[in-house]
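Biologist: I'm new to this one, so could you show me the model and walk me through the terms?

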Amino acid sequence: MIKIYTDGSCIGNPGNGGWAAILLINEKKIKIKGYKKNTTNNQMELTAPIKALKKIPISEKIEIYTDSKYVKIGITEWVTKWKKNNWKTSSKKKVKNIDLWKELDNLNEKYQIKWCWVKGHSGDILNDEVDQLAREAAM
């Protein structure tokens, strides 16, 4: 089982953003992070699991930990409804960040993923570490 902790950060919203992920693979800890100008916190929250999943072979079972309810609920609940409604919300508006959602949904379908929400800034060591990495990447 591979465990992944993800987080996104933005200085200003929109503003300079950073994303990060910590991958725990066979007792090895791998840290990845990146930066983007003129982005939003939600875009960085979505980018983190996308980038992490692209580092893992498709056959693996995965647990992804995020402190973003937007990501967790979006990928486990909302995305099914959006696809049925041609990527429109219940209020018939185009889904925000649609390209990122489509990419994450595509990856989500290729893996056996358990999505887990963890409360941010609550003492979870790896969540705190990935939060710090994302904030550093945004600077």
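Biologist: What makes helix α1 roughly parallel to helix α3?

Modeller: The axes of α1 (residues 41-53) and α3 (residues 98-110) come within 10 Å and cross at roughly 30 degrees. Angles under 35 degrees count as roughly parallel, over 145 as roughly antiparallel, 65 to 115 as roughly perpendicular and the rest as oblique, so α1 is called roughly parallel to α3. This is a predicted model, where local features need pLDDT of at least 70 and side-chain atom pairs count only at pLDDT 80 or more, while totals for chains, interfaces and linings use all residues. Residues are numbered from 1 along each chain as its sequence is written, and side-chain values use heavy atoms, leaving out hydrogens and water.

Biologist: Why is the pairing of K83 and D105 called a salt bridge?

Modeller: A salt bridge needs a side-chain nitrogen of Lys or Arg within 4 Å of a carboxyl oxygen of Asp or Glu. For K83 and D105, the N to O value is 3.0 Å, so the pair fits the definition. K83 sits in helix α2 (residues 69-84) and D105 in helix α3, 22 residues apart.

Biologist: How do you know whether D105 is buried or exposed?

Modeller: Buried means under 20% relative accessible area, exposed over 50%, and partly exposed in between (1.4 Å probe, protein chains only). D105 has 7%, so D105 is buried. K83, at 35%, is partly exposed.

Biologist: And what makes E109 a salt-bridge partner of K83?

Modeller: Their closest N and O atoms are 2.7 Å apart. E109 has a relative accessible area of 54%, so E109 counts as exposed.

Notes
Axes are lines fitted to C-alpha atoms, for helices over the stretch in contact, and angles run from 0 to 180 degrees between N-to-C directions. Helices (H or I, at least four residues) and strands (E, at least two) are DSSP runs, numbered from the N terminus.
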